[in-house]
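Please open the model in your viewer and keep the sequence beside it, since the tour moves from one selection to the next.

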Amino acid sequence: METIDTTVMKSAWRTHKVGLKTWTATIECRWDDTDAEQEIAVGTQVFAVFVPVDQSGQDNASLVGFGKITTVSQTQTFDNSTINRTITITGNGPQSLTYA
């Protein structure tokens, strides 16, 4: 949730109000640069599905929502054999909770 600074001049303490809600997700993955189907770019709209698994291994619910890719960064090993990508998604609107 966004917080907005509402502090007035000459105040001894900062004050804040709650602003707009937001969500983000970060994905860390291995990447195959030779597979054109995997190409992804900043600004691409995605439909994200998150399936949390509880302690018993059950996945009865999921969070779903639309978002845009806001950052893509890449690192690779010295011999270029392994490429790691970090992808950040910023939500467009709320996520919905669905049950299996």
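Select Arg-14, which is exposed at a relative accessible area of 60%, where exposed means over 50%, buried under 20% and partly exposed in between, with a 1.4 Å probe and protein chains only. This is a predicted model, in which local features need pLDDT of at least 70 and side-chain atom pairs count only at pLDDT 80 or more, while totals for chains, interfaces and linings use all residues. Residues are numbered from 1 along each chain as its sequence is written, and side-chain values use heavy atoms, with hydrogens and water left out.

Now add Asp-5, which is partly exposed at 39% and forms a salt bridge with Arg-14, the closest N and O atoms lying 2.3 Å apart (a side-chain nitrogen of Lys or Arg within 4 Å of a carboxyl oxygen of Asp or Glu). The structure holds one such salt bridge.

Next, select Trp-23 and Phe-50, whose ring centres are 6.1 Å apart with planes at 80°, so the pair is edge-to-face (centres within 6.5 Å, using the six-membered ring of Trp, and planes over 60 degrees apart; under 30 is stacked and the rest tilted). Trp-23 is buried at 11%, whereas Phe-50 is partly exposed at 28%.

Finally, keep Trp-23 and add Ala-25, Trp-31, Val-46, Ala-48, Ile-69, Ile-83, Ile-87 and Ile-89, which together make up the largest nonpolar core, nine residues in all (buried Ala, Val, Leu, Ile, Met, Phe, Trp, Tyr and Cys residues joined through side-chain atoms within 4.5 Å). The largest share of this core, three residues, comes from E6, a strand (a DSSP run of at least two E residues, numbered from the N terminus) spanning 83–91.

Technical notes. Helix = DSSP H or I, 4+ residues; strand = E, 2+ residues; numbered from the N terminus.
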